[in-house]
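Work through the exercises below with the sequence and coordinates open. Each task is followed by a stepwise solution.

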Amino acid sequence: MSSPLWICPRCGRSFANRNQTHTCAPLGDLDAHFARSDPRVRECFDRVVGELGPLEILAEKSRIALHVRMSFAAFQPRRQWLDGHLVLARRVEHPLVTRIQEFSPHNIVHEFRLTRPDELDSAFLELLHEAYDVGLQRHHPPNVE
């Protein structure tokens with residue numbers, strides 16, 4: 001069973017860890033992130049979000065984060081494409097992945113770029129669901145007492 005989320009008393013955001021380091025800033029307008037983008041960029045984002053279960057969309061100043069117990073994906077809309085990353089608990093190769101950064105053994109960031117919604121093939125959608133499970137912290141072994 002998961003521990004309860006900690007709610008920051010200043011900004012109201014929820015976190016898996018008490019006193020999680022974060023920027024206490026009000027969230028922005030999601031649509032504003034896409035104001036200067038081709039409509040296909042928003043279609044890519046909407047397709048990603050539509051594939052997942054319940055989550056929070058955090059329209060922060062410089063990115064859009066997808067959050068459940070923790071943030072597991074983030075996006076930066078550009079004029080002609082959608083840059084993003086997924087947090088996975090393992091290293092994975094996929095044609096859309098442009099860079100991989102390993103921050104810890106179970107915190108591996110996979111950067112990608114989407115230009116069209118039809119680029120989201122079944123293998124990438126599986127990675128998206130895997131990242132969602134990381135956000136739910138299902139990748140951690142259960143605590144044994």
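**Exercise 1.** Find the distance at which the side chains of R63 and E60 meet, and classify the burial of both residues.

Solution. Step 1: the side chains of R63 and E60 form a salt bridge, with N to O at 2.7 Å; the term requires a side-chain nitrogen of Lys or Arg within 4 Å of a carboxyl oxygen of Asp or Glu. Step 2: R63 has 24% relative accessibility and is therefore partly exposed, whereas E60, at 17%, is buried. The classes are buried under 20% relative accessible area, exposed over 50%, and partly exposed in between, with a 1.4 Å probe and protein chains only.

This is a predicted model, in which local features need pLDDT of at least 70 and side-chain atom pairs count only at pLDDT 80 or more, while totals for chains, interfaces and linings use all residues. Residues are numbered from 1 along each chain as its sequence is written, and side-chain values use heavy atoms, with hydrogens and water left out.

**Exercise 2.** Which salt bridges does D83 form with R78 and R113, and at what distances?

Solution. Step 1: D83 meets R78 at 4.0 Å, N to O. Step 2: in the salt bridge of D83 with R113, the closest N and O atoms are 2.7 Å apart. This second pair links distant parts of the chain, since D83 lies in strand β6 and R113 in strand β8, 30 residues apart. Step 3: D83 is buried at 14%; R78 is partly exposed at 41%, as is R113 at 36%. Step 4: for the whole structure, the search returns twelve salt bridges.

**Exercise 3.** Describe how strands β3 and β4 are joined, then place them in the sheet.

Solution. Step 1: β3 (residues 56-59) and β4 (residues 64-67) run antiparallel and are joined by four bridges. Strands are DSSP runs of E, at least two residues long, and helices are runs of H or I, at least four long, both numbered from the N terminus; two strands pair if DSSP finds at least two bridges between them. Step 2: E56 stands opposite H67, and I57 has L66 as its bridge partner. Step 3: a hairpin of four residues connects the two strands. Step 4: the open sheet has six strands in the order β3-β4-β5-β6-β8-β7, with antiparallel pairing. β3 and β7 (97-104) are at the edges with a single partner strand each, so one side of each has no neighbour in the sheet.
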